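Q: I'm new to this structure and would like a close look at a single part. Could you walk me through its nonpolar core and the aromatic rings?

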Amino acid sequence: KNIYKRFEVEKILRNRIHFDTVMLNAIDSPILWQDKNGVIVDANSEFCSLVKIELNELKNEKLKKFSRNKKVKIIQNFLKKYESQGKKHFKFRFQHKDLNEKIYLIKQAKYSDKESNNAGTVTFFTDGRNSLRGASIF
């Protein structure tokens, strides 16, 4: 009975992980999820596309490991500016591979998971063209 129960729980967990991954990748804004130590827990496909790094390379690493990547360096610089401005509304310009320029609005939220005793920050890069017209653009 215990083995059967364990397999059932594992199956439910695998389905939940798959569902969470599908939902995360359905969001068309880049999302980066880091623990309290700055280690990357997850990111969606839009963020991976933004920095041109596969998720399996990003996971369990700190963003600073990829500082030689020009796109990561740009994001790091804007995140520092965002922090220095007291996390006020902050927009920045970012040039994509197709040479189209996008304006992103940075938003962050803290998360805490009591079951795993883990906490950290989720960073959202939303389309900044239509929101917060008065925010500074860098």
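A: Here is a tour of the core, followed by the ring pairs. Just so you know, this is a predicted model, where local features need pLDDT of at least 70 and side-chain atom pairs count only at pLDDT 80 or more, while totals for chains, interfaces and linings use all residues. Residues are numbered from 1 along each chain as its sequence is written, and side-chain values use heavy atoms, with hydrogens and water left out.

A nonpolar core here is a set of buried Ala, Val, Leu, Ile, Met, Phe, Trp, Tyr and Cys residues joined through side-chain atoms within 4.5 Å, and buried means under 20% relative accessible area (1.4 Å probe, protein chains only). The largest such core has 21 residues, and Phe47, Leu58 and Ile75 touch the most other members. At least two residues each come from β2 (40-43), α2 (45-51), α4 (70-84), β3 (90-95) and β4 (101-113); these are DSSP runs, with helices (H or I) of at least four residues and strands (E) of at least two, numbered from the N terminus. The largest share, five residues, is from α4.

Now for the rings. Phe, Tyr and Trp rings (for Trp, the six-membered one) pair if their centres lie within 6.5 Å, with planes under 30 degrees apart called stacked, over 60 edge-to-face and the rest tilted. That rule gives three aromatic pairs. Take Tyr104 and Phe125: their centres are 6.4 Å apart and their planes sit at 85°, so this pair is edge-to-face. It links distant parts of the chain, as Tyr104 is in β4 and Phe125 in β5 (residues 118-127), 21 residues apart. Tyr104 and Phe125 are both buried. Phe47 joins these two in a cluster linked by ring pairs.

Methods: Buried < 20%, exposed > 50% of the residue type's maximum accessible area, 1.4 Å probe, protein only.
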